[in-house]
2 protein chains.
Amino acid sequence: MSLIVAKFGGTSVASTERIRNVAKRLVKMKQEGHDVVAVVSAMGKSTDELVAMAAAVNENPPAREMDRLLSTGEQVSMTLLAMAIDALGVLAMSFTGRQAGIRTDEAHEKAKIVSIDAERIMSAVNDGKIAVIAGFQGIDANGEMTTLGRGGSDTTAVAVAYGLNADECQIFSDVEGVFTADPRVCPHAKKLDEISYDDMLELSSAGSGVLQMRAVEFARKYNVVIHSRSAFSDKPGTLVKEASMEKAVVTGIAHDTSEVKVTVRSIPDVYGVAAALFTGLAQAQVSVDMIIQNLSNDGLADISFTCPGKDLGRAQEALKKLMPEIGAREFGVDEDIAKVSLVGTGMKSSPGVAAKAFSTLAENEINILAISTSPIRLSVVVRNSQAVDAVRCLHTAFGLDADEVFEETMLSAEEIAAKMAKGR
Amino acid sequence: MSLIVAKFGGTSVASTERIRNVAKRLVKMKQEGHDVVAVVSAMGKSTDELVAMAAAVNENPPAREMDRLLSTGEQVSMTLLAMAIDALGVLAMSFTGRQAGIRTDEAHEKAKIVSIDAERIMSAVNDGKIAVIAGFQGIDANGEMTTLGRGGSDTTAVAVAYGLNADECQIFSDVEGVFTADPRVCPHAKKLDEISYDDMLELSSAGSGVLQMRAVEFARKYNVVIHSRSAFSDKPGTLVKEASMEKAVVTGIAHDTSEVKVTVRSIPDVYGVAAALFTGLAQAQVSVDMIIQNLSNDGLADISFTCPGKDLGRAQEALKKLMPEIGAREFGVDEDIAKVSLVGTGMKSSPGVAAKAFSTLAENEINILAISTSPIRLSVVVRNSQAVDAVRCLHTAFGLDADEVFEETMLSAEEIAAKMAKGR
């Protein structure tokens, strides 16, 4: 008999009907002999609705009230799930962040978990109950409700799994696990049976949305095994865990169409200019991702960077103020870009990856607009319209293609490119 | 400077726009120099929506989970109201039942308040904040969230006013106060400047829906002055308080069209029959209101009773089982009735009230189907279609008519009778 923590996201509990399905799934686990602790997000879009109501009464709502407001979303889903389990004849008990003993720091709206006192949960589990815990919330040292920030429910699940010393932390979503590439884009994508924490983190940061980075970081720190699997099928998913001995050179390919590229031209090449530029952008809360600098012939430099499209407005405002300061002449924005990243722990010891990637792209007439690397990741920026081709040809070149093909997702490159258009 | 507890019901906070209006009103009180503590219900129909979701996952949801679910409704309205006050530049702080120190017994879904520990609220008030408290909820000795049952927010307000030793407990609703009769029915109805607890309780039990009986009982017990007033006007409303020395004979006239009359015919007139009948009905959770017994010529008795229309199904089922037991031949149901009640503490010492009421009704050709009395109330059951005429002629006969007339509510008796039809 093992202890399983099972986390269900907002989509999985978006309606009372879906909540009943989640209840059936949990009861089945219980009947198979496992001890079961569930962690739930708020129903569907309910958090967005609460945020909209808050915005309607106060443009800048106090964080304490905001946390208390948002925490009601998970309290609704957790009680409904406990009721649905009860209706199936199995005992259940819901727990708020407070009742679950999830203590955080005092940083409202983005609190960090400090400790877990799992005694009450364990007591319920030992009484034969399925414990249902509200994700995304905890209490600070003053007894005030806090929230962990968007996507915090994954982190709650991992933290609870750690606190309970659970055998597995299953995170259910609408995908079957972690793939070598997005199956909607690459029909030959293959589900990975397991992936290391490091590879998962790089894939997440490079645009793969399966798991929250923060939850993976927490799991790596405390060595919690995450099982990423589908809420709508019984198939096993992907285990996220310590790297096994043998490593593939490239584990997977991620793509991200949500970024834009900004180029600041003709900056005097003197000390401190880059520092001034990126300090200014950071102060304007622009999340800069890749940075590329070229020195042009006339002793002036061009600096390009990529950032999320949603930060572009802030970036432009900041740049208008910064331009005279740093003596730059102009800046340009390129929204028609996509980032394609190869990720693999094995890349560290395989020097030929970059060369192979670049020649593969060249053979397929895909122009590289920018390059950035980490020890276990190689990212290239390409035209948005060529992103699908880039993912596919790299996937084949690095031997990731599955024997089976995702027939249902075998769209044409054009169709997928249209889907991947900005603002999707 | 006085301390005011101000309670706003679900209609007053049904939208973010209305919440902003409530915030303005509270800020105005504060700016006039008062200390202000607000108590709020859940927004509009949100409690009904939560109940419906619970019913969709479990026909008989566990009470603990139900209370936790329902308590989220007030947590949403209290945080939004605190945010709206903050947006007007005045400090505000919201309190759940737990944080407000409202301790109850363990009777989930119908908890009774045991004590109030108002220290945290007072501390916020002393810091210059408007405290906003979630109505309808508390915690039991185990730290579990409880709810006070429907209408519990009025009780929260009175209890908090008592706990804080407030100068006044203002209960805001969509009516301007307590009237001598329902102004929608009786255009000459007059707003009362004040009314005694006893009269208010009798009016409430006789069908006047302005204040929750339970809150009035609590206020009487602890001598808390309630100010019932309109959320949509600045006019003073009605003070509910200890009776003043001089008492009107009749304070007001209430009517209730929600009851039905059941007559059990030809029951043997032997000991214990009535006891068996009403014990059976009580066990079936039928709230019996008036009871009338007549002995007919043949030594057999007819027993009639009234009960809420919603209890009729249960009553009929119970009677089918009880009939053979008590030897009764048959029973009939009369749904076309209304109860009209005269209420006044002064009736105790004015023996002519009943006679005057009966002759007034006779002069107006209104047939009396049943009569019941208490020391300070006289209720008659009449045909539903004659209820409006009965209220109006009694209102005039007992000198309650105002000089001013509610023009906007001067509907014809037929129009009002149609409005008052069952199931409205």
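Copies are superposed by least squares on the C-alpha atoms of residues with pLDDT of at least 70 in both. Keep that in mind for the first stop, and note that this is a predicted model.

**Stop 1: the axis**

Show chains A and B together. A turn of 179° with a shift of 0.0 Å along the axis lays chain B on chain A, at an RMSD of 0.2 Å. The two copies are thus related as by a two-fold rotation axis. The same surface serves both copies, since 100% of the contact residues of chain B recur in chain A.

Now select Thr72(B). Its C-alpha lies 2.7 Å from the rotation axis, the closest approach of any residue of chain B.

**Stop 2: a stacked pair in chain B**

Turn to the aromatic rings. Over all chains, the whole structure holds eight aromatic pairs. Select Phe8(B) and Phe172(B). Their ring centres are 4.3 Å apart and their planes meet at 10°. Planes under 30 degrees apart count as stacked, so this pair is stacked.

Colour the strands next. Phe8(B) belongs to strand 1 (residues 3-8) of chain B, and Phe172(B) to strand 9 (residues 168-173) of chain B. The pair therefore ties together parts that are 164 residues apart in sequence.

Are these two rings buried or exposed? Phe8(B) is buried, with a relative accessible area of 0%. Phe172(B) is buried too, at 1%.

**Stop 3: a tilted pair in helix 7**

Move to Phe218(B) and Tyr222(B). These two form a tilted aromatic pair, 4.9 Å centre to centre with 45° between the planes. Both residues lie in helix 7 (residues 213-222) of chain B. They are four residues apart, about one turn of the helix.

Add a surface and check each ring. Phe218(B) has 15% relative accessibility and counts as buried. Tyr222(B), at 33%, counts as partly exposed. The cut-off explains the split, because buried means under 20% relative accessible area.

**Stop 4: a cluster in chain A**

Switch chains. Select Tyr162(A), Phe218(A) and Tyr222(A). Ring pairs link these three residues into a cluster.

**Stop 5: a lysine over a ring**

Stay in chain A and select Lys356(A) with Phe398(A). Lys356(A) lies over the face of Phe398(A), 4.8 Å from the ring centre.

What sits over the ring of Phe398(B)? Select chain B again to see. The charged end of Lys356(B) is there, 4.8 Å from the centre of the ring.

How values were computed: Residues numbered from 1 in each chain as written. Chains lettered and ligands numbered in written order. Predicted model: local features only at pLDDT ≥ 70, side-chain atom pairs only at ≥ 80, totals over all residues. Heavy atoms only, no water. Contact = heavy atoms within 4.5 Å. Phe/Tyr/Trp six-rings, centres within 6.5 Å; stacked < 30°, edge-to-face > 60°. Helix = DSSP H or I, 4+ residues; strand = E, 2+ residues; numbered from the N terminus. Buried < 20%, exposed > 50% of the residue type's maximum accessible area, 1.4 Å probe, protein only. Lys NZ or Arg CZ within 6 Å of the ring centre and 35° of its normal.
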